[in-house]
Amino acid sequence: MYRALYRKWRPQRFADVVGQQAIVTALQNQIAAGRIGHAYLFTGTRGTGKTTCAKIFAKAVNCLDTSSPDPCGVCAVCKGVDDGSVLDISEIDAASNNSVDDIRDLRDETAYLPAMCKYKVYIIDEVHMLSTSAFNALLKTMEEPPEHVIFILATTEVQKVPATILSRCQRYDFQRITAADIAGRLLYVAGEEKIDLDPGAAELIGRLADGAMRDALSILDTCAGVSNTVDEALVRRMAGVTDRQYLFEISDAIAKGDSVTALQEIAQLRQQSVDMRRLCMELAGHYRNLMLCALPGGEKLLTGTSPEEEAAYAARKDFPQRDAVRAINAFGSALEKMARGTDQRIELELAVFSLTQPEAVTVQQVAAAPAATASPQPFAAGQPAQTYTVPPVVQQSAPPVQADVPPVEESEPAFLQPELPPLEPQPQPQAAPVTPAPKKPRPRSTEPAGPIQPFPQWSAVL
Ligand SMILES: Nc1ncnc2c1ncn2[C@@H]1O[C@H](COP(=O)(O)OP(=O)(O)O)[C@@H](O)[C@H]1O
Ligand SMILES: [Mg+2]
Ligand SMILES: [Zn+2]
């Protein structure tokens, strides 16, 4: 059976654990000095080595070869743990065993001496999932642990672990692994697996994995499944890193106060089944990047971006931070409202539209004021009206018109995957509410050109 690379290449010795030097050294020192604690807490983001280090530590404290703080890998205990015949080391997934009875069973078990090892080790993964009463039961055991018992608790959400438990543990915070460290490990694994991995591709995977080695190995696995030669182009294709140019197009339009282009871009993305909530999150992240790259050295804080995107951000390093902060707030509050069940598309459009308005003018004012004072360009200006699907003034008899958007690619990148089923194709307005586009933008007139017209629903959400 095929074993995923990240399972196959789980480090078996401390020396193979990448990017957690301080933790590894501290654990090794304890083993060398024979000063083993009774409770440890490993916390940090996913895929950074918590379970891996817990397993190595559990083996190391019991390994019969004490000449090094690493498990030897060949003694009866090491072999027995690997083949599952040694039962003194247990891994419990608290996500599925979170009841007080599960923990009581565990407590009863701790009373018995280990069968073969020096220590019984209980690795409780996702410990934050335990119920309150289960935590209380665990606390009782941890208050007076039998000499031969070690608990290793692992969690990605340490803030959900009660303080009473935390105070009894030695805590180790696992860091996100740097792109360079990830790339190094990938090149090693690829070499062993006879995968021809280009160093540039390894570096790109390192950036995309955003600190998680497991994710990095999964991307490599996917790529190697397609071709044994893994280069940057393949990584881009398999990881769904397509051009996120649309984010720049939207923010550039907003910066120019061009609500029409920004809203048309959103309409087009929606037509391609892009989830509006997801887009809203991407825009918030995008403005965060714009905010950061205006800081000296801030580009180092960008995460999950491809080199091309980094170049695009670098080209906008003069982006006004004030505008970036305003946009982050606007998209943040749109997301909050979406979570309360309001129409996702309207919330997103509202946020984008309000950002194209001068800061002093709130959306409420814009909607309430006569159209002439709000002065965005009418929708028809400069663009064919049928690319925009919002206007609700639809003649029911009108046959649906195929929208003028590129077809959705067959291998849709992950962020284009709809979280909701795509909506029925919407009938296009045959007779658009505004007369179709003259080539050059119409001069702003004082007549009520009705820029708010296409959004009569706004009154419902304001
Ligand atoms: N620090 C690391 N060094 C080397 N490989 C790692 C590291 N962290 C994670 N991995 C890889 O990712 C896989 C999952 O890691 P795991 O320790 O289970 O992560 P978690 O922190 O979520 O418990 C491991 O099997 C291993 O292949
Ligand atoms: Mg884990
Ligand atoms: Zn051993």
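This passage describes how three helices pack together and what surrounds the ligand in a predicted model.

The packing of helix α8 against helix α9 is a convenient place to start. Helix α8 spans residues 179-193 and helix α9 spans residues 199-208. Their axes lie 8 Å apart and meet at an angle of about 130°. Angles over 145 degrees would count as roughly antiparallel and 65 to 115 as roughly perpendicular, and α8 and α9 are therefore oblique to each other. In passing α9, α8 makes a right-handed crossing. On the α8 side, the contact is built from A179, A180, I182, A183, L186 and L187, while α9 contributes P199, A202, E203, I205, G206 and R207. Sorted by class, the residues of this contact comprise nine nonpolar, one polar and two charged.

Helix α9 also packs on helix α10, which covers residues 213-226. Here the axes come within 9 Å and cross at roughly 135°, an angle that makes α9 oblique to α10. The crossing of α9 and α10 is right-handed. From α9, the residues I205, G206 and L208 meet A216, I219 and L220 of α10. Five nonpolar residues and one polar residue make up this contact, with no charged residue taking part.

Turning to the remaining pair, α8 and α10 have axes that come within 10 Å and cross at roughly 45°. Since roughly parallel is reserved for angles under 35 degrees, α8 and α10 are likewise described as oblique to each other. Their crossing is right-handed. Helix α8 brings I182, R185, L186, V189 and A190 to this contact, where they meet M213, A216, L217 and L220 in α10. The residues divide into eight nonpolar and one charged, with no polar residue among them.

Several residues appear in two of these contacts. In α8, I182 and L186 take part in the contact with α9 and also in the contact with α10. In α9, I205 and G206 face α8 and also meet α10. In α10, A216 and L220 meet residues of α9 as well as residues of α8.

Helix α10 leads on to the ligand. Ligand 1 is surrounded by 22 residues, of which R10, G49, K50, T51 and T52 are the closest. At least two residues of this shell come from each of α1 (5-8), α3 (50-62) and α10 (213-226). The shell also draws on both domains, with at least three residues from domain 1 (5-174) and at least three from domain 2 (179-238). By class, the surroundings of ligand 1 include nine nonpolar, seven polar and six charged residues.

Conventions: Residues are numbered from 1 along each chain as its sequence is written. Chains are lettered from A and ligands numbered from 1 in the order in which they are written. This is a predicted model: local features need pLDDT of at least 70, side-chain atom pairs count only at pLDDT 80 or more; totals for chains, interfaces and linings use all residues. Axes are lines fitted to C-alpha atoms, for helices over the stretch in contact, and angles run from 0 to 180 degrees between N-to-C directions. Helices (H or I, at least four residues) and strands (E, at least two) are DSSP runs, numbered from the N terminus. A crossing is left-handed if the near helix is turned anticlockwise from the far one by less than a right angle, and right-handed if clockwise. Two residues are in contact if their C-beta atoms, placed from the backbone, lie within 7 Å. Ala, Val, Leu, Ile, Met, Phe, Trp, Tyr, Cys and Pro count as nonpolar, Asp, Glu, Lys and Arg as charged, and the others, Gly among them, as polar. A residue is near a molecule or strand if its C-beta atom, placed from the backbone, lies within 6 Å of it. Domain bounds come from an automatic or database domain assignment.
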